[in-house]
Amino acid sequence: MLRTSKRPGRWRQALWAGLTAMLLAGGAGCKQKMSYQPRYDPLERSEIFTDRTSARPAPAGTVARGFLRDNPGLFLGRKENGDYVTEFPFPITEAVMKRGQERFTIYCTMCHGFSGYGDGMIVQRGFSPPPSLHNPETREKSVGYYFSVITNGYGAMPGHAHQIPVSDRWAIVAYVRALQLSQNARLEDVPAAHRKDLDAPTAAAQATTSASGPHSGGTHR
Amino acid sequence: MAQHFHRSMNTVAKVSIFGAVFIIGFGAWLLLEINRSSNVTNVGIALPQPVQFSHQHHVAGLGIECRYCHTSVEHSAFANIPPMSTCMNCHQQIWFGAPMLEPVRVSWKSGQALEWNRVHNLGDYVYFNHGIHVQKGIGCVSCHGRVDQMQLVYKDQPHTMEWCLSCHRNPAQHIRPRDQVFNMTWKPEDIGETQATLGARLVKEYNIESPRKLTSCSTCHH
């Protein structure tokens, strides 16, 4: 097909030599060794370790830099004597509350629901329903208790410490307190200047009614 | 002595002198097109994975937020895939015995890594930082496409240097408000703005470097 003439020989050889040279030149571009340098990317496979991952778990008894948990009130939600703390370890500002709302929406609403009644999507799909955050006995728990449950889990709920940093867990607890207040408030509890806001849809309400997938508030760090 | 070439070769020789420019040009164009095609960039090609994980089901179907699993995307240079314990948060009860999830359970119990095939992988000479792009208002969808509509994940954009530079030369065309980064359907018209005016304003507000700095070699290849 390359040639209809009956003259074989040099032209054909030259053609094949040229094609081979082009292929070799092209092939050189396909193997870029700088792309695969002899170092690990995060989570890259490793042939050295038996679990085949280059990401190593911390050996028992070691503390990663920046992960020293030397303040039981902040890191465990407990006092020195083991009781749960009853006050937040840092001041709760509006920024912290907004952060808590955002993180609650990301990490908690799947089971607890946007309003905390324990009717989230995963529960609708068959997961054990958590108690409503608005039960009288749940409302009485201290903030340290909530922090501890987020950190270590409770019942069917696994701990979420590996997903949510410490400061965000406290922010979520603050937002849970706000939710509890909101579901047990009377109109007179709302400052007069903000009462008109009650008729406006909230960001969370818009997120639930929108068909466009997950939404979230801003980031603050 | 007989002639080496047939007379018709005179014409072939004349045409080939003229045509060489086009032949070389065509060859160069072909190479560029091949390099930009999905044969090289993998755009649109879903890789085989050990578990048929569907983002469409988990994100669009259930409404799970990106960061529930991808916890490090906002601050880390590396955007993580979740550990098995995140899967098991729900799958300890939901679909616990499903054969599809067997590799997840095996990995969870044994500690052996589940080996996913990486979809987005830049050359080791690129020091890409995921967190800075999120912090400066680049939406997930701008680089990853509508992951919420993907059953198996594939690359939506070529992630070539040419593609990176197209934004680094003019970031205003893609910047969005930080609080809309994870919204897959956000449009500037939603808040009554155009991308041109909003982008120009946000570039100033978020202190985004000049195109001269953003396109400097050492910005990505330090």
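User: Helices (H or I, at least four residues) and strands (E, at least two) are DSSP runs, numbered from the N terminus. Between which helices of chain A is the loop that holds A:Ala64?

Analyst: This is a predicted model, in which local features need pLDDT (the predictor's confidence in each residue, from 0 to 100) of at least 70, side-chain atom pairs count only at pLDDT 80 or more, and totals for chains, interfaces and linings use all residues. Residues are numbered from 1 along each chain as its sequence is written, while chains are lettered from A and ligands numbered from 1 in the order in which they are written. The loop with A:Ala64 connects α1 (10–30) and α2 (72–75) of chain A.

User: Is A:Ala64 buried or exposed?

Analyst: A residue is buried if 20 or more other C-beta atoms, placed from the backbone, lie within 10 Å of its own, exposed if 12 or fewer, and partly exposed in between. Because A:Ala64 has 7 C-beta neighbours inside 10 Å, this residue counts as exposed.

User: What distance separates the C-alpha atoms of A:Ala64 and A:Asp199?

Analyst: Along the chain, A:Ala64 and A:Asp199 are 135 residues apart. In space, the separation of their C-alpha atoms is 48 Å.

User: Which helix gives the most residues to the largest nonpolar core?

Analyst: This core (buried Ala, Val, Leu, Ile, Met, Phe, Trp, Tyr and Cys residues joined through C-beta atoms within 7 Å) has 28 residues, of which A:Ile172, A:Val173, A:Tyr175 and A:Val176 touch the most other members. At least two residues each come from α3 (94–107), α4 (109–112), α7 (143–152) and α8 (166–183) of chain A, and from α3 (55–61) and α4 (66–69) of chain B. With eight residues, the leading contributor is α8(A).

User: Which residues does A:Ile172 touch, leaving aside those up to four places away in sequence?

Analyst: Contact here requires C-beta atoms, placed from the backbone, within 7 Å. Under that limit A:Ile172 touches A:Gly100, A:Arg103, A:Phe104, A:Cys108 and A:Ile150.

User: What is the distance between the end C-alpha atoms of α3(A)?

Analyst: Buried residues of α3(A) include A:Gly100, A:Arg103 and A:Phe104. The expected span of a helix is 1.5 Å times one less than its number of residues. The 14 residues of α3(A) should therefore span 20 Å, and this agrees with the distance between the end C-alpha atoms, 20 Å.

User: Which helix supplies the largest share of the side of chain B that touches chain A?

Analyst: In this interface, 36 residues of chain B are in contact with 35 residues of chain A. Two or more residues on the side of chain B come from each of α3, α4 and α5 (84–91) of chain B. The largest share, four residues, belongs to α5(B).

User: How many residues on the side of chain B that touches chain A are charged?

Analyst: Ala, Val, Leu, Ile, Met, Phe, Trp, Tyr, Cys and Pro count as nonpolar, Asp, Glu, Lys and Arg as charged, and the others, Gly among them, as polar. On this side of chain B, 16 residues are nonpolar and 12 polar, and the number of charged ones is eight.

User: What is phi of B:Trp95, roughly?

Analyst: B:Trp95 is in the loop between α5 and α6 (102–110) of chain B. With 13 other C-beta atoms within 10 Å, B:Trp95 is partly exposed. Although B:Trp95 is not a glycine, its phi is positive, at about 55 degrees.

Methods
Contact = placed C-beta atoms within 7 Å.
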